[in-house]
Amino acid sequence: MSTGEGAGVDYATARGRDWPSVRQFNVFLENRVGGLLSVVRRFEATDVRIVSLIVNDLSDCAIIRLVLSDPERGLEVLEQAKLPCTESDLLVVQLPESSHPLPQICKTLLAAEINIDYAYQLLVGSQARPALALRVDDLETAVSTLRGHGYTIFAEGDLSQ
């Protein structure tokens, strides 16, 4: 389990990464009434929490992006429901206590020539620490860059605490 602090923590995983990230599940649905409910209800009978949910609505379909407190068990729930989904890795960085944390993070990544595909805010852990989830084009460099500037990076283990 990760502490999220990054100091001396080994982030090696069975998935072959040695930097922290958070899995996001992208569920593809027909754009119809009740579609979102049919997905979120799958987690009612489990102790897997939906940490974050974003809906991208297109004309005939929707993409529901989920961050779950237990990604392994959450994936099982999605697979049992035969919901078409993919996984993507996110960088989740704690928002520093300052009046304008978002521009600071964006400037830091821009200086390293890291492209941000999309971003959204979420709360991490039982202390509900404000964080920014980022889909970036170079996750490893982004983690290294932000850490080098003193930012706290969260890993999947931080979501279940």
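This report describes the fold, the nonpolar cores, the salt bridges and helix α2 of a predicted protein model.

**Overall architecture**

The protein comprises five helices and seven strands. Read from the N terminus, these elements follow the order β-α-β-β-α-β-α-β-β-α-β-α. The chain has 161 residues, of which 44% count as buried. Among contacts between residues at least 6 apart in sequence, 67% join residues at least 24 apart. The exposed surface amounts to about 8800 Å², and carbon and sulfur atoms supply 49% of that area.

**Nonpolar cores**

The largest nonpolar core holds 15 residues; Leu91, Val93, Ile105, Leu109, Leu134 and Leu146 are the ones that touch the most other members. Two or more residues come from each of β4 (85–94), α3 (101–111), β6 (129–136) and α4 (139–148). Of these elements, α4 gives the most, with four residues. Leaving aside residues up to four places away in sequence, Leu146 touches Leu91, Val93, Ile105, Thr108, Leu109, Tyr151 and Ile153. Another core, of 14 residues, lies apart from the largest one and includes Leu29, Leu68, Leu75 and Leu83.

**Salt bridges**

A search of the whole structure finds six salt bridges. Three of them, each with a partner near the start of the α2 story below, are set out here.

| Pair | Closest N to O distance |
|---|---|
| Arg23 and Glu72 | 2.7 Å |
| Asp47 and Arg73 | 2.5 Å |
| Asp70 and Arg73 | 3.7 Å |

Arg23 and Glu72 form a salt bridge. Arg23 belongs to strand β1 (residues 22–30) and Glu72 to helix α2 (residues 71–80), so this bridge ties together parts that are 49 residues apart in sequence. The two partners differ in their surroundings: Arg23 counts as buried, because its relative accessibility is 4% and the limit for burial is under 20%, whereas Glu72 is partly exposed at 43%. Arg23 and Glu72 are also linked with Glu87 and Glu156 in a network of salt bridges.

Arg73 meets Asp47 in a salt bridge. Asp47 sits in the loop between α1 (35–40) and β2 (50–57), while Arg73 is in helix α2; the pair therefore ties together parts that are 26 residues apart in sequence. Asp47 is exposed, with a relative accessible area of 58%, and Arg73 is partly exposed at 33%. Arg73 also forms a salt bridge with Asp70, a residue that is partly exposed at 26% relative accessible area.

**Helix α2**

How are the buried residues of α2 arranged around the axis? The buried residues in this helix are Pro71, Gly74, Leu75, Val77 and Leu78. They lie on the same side of α2, because they cover an arc of only 155 degrees around the axis. Their cover includes β1, β3 (61–68), β4 and α5 (156–159). On the face turned away from this buried side, α2 carries the exposed residues Glu79 and Gln80. Just after the helix, Lys82 takes a positive phi of about 55 degrees.

Several of these features meet in α2. Leu75 is buried in this helix and is also among the members of the core of 14 residues. Glu72, in α2, takes part in the salt-bridge network with Arg23, Glu87 and Glu156.

Definitions and conventions
Residues numbered from 1 in each chain as written. Predicted model: local features only at pLDDT ≥ 70, side-chain atom pairs only at ≥ 80, totals over all residues. Heavy atoms only, no water. Buried < 20%, exposed > 50% of the residue type's maximum accessible area, 1.4 Å probe, protein only. Contact = heavy atoms within 4.5 Å. Areas by Shrake-Rupley, 256 points an atom, 1.4 Å probe, with all protein chains shown as cover. Core = buried A, V, L, I, M, F, W, Y, C linked by side-chain atoms within 4.5 Å. Salt bridge = Lys/Arg side-chain N within 4 Å of Asp/Glu carboxyl O. Arc of directions from axis to C-beta.
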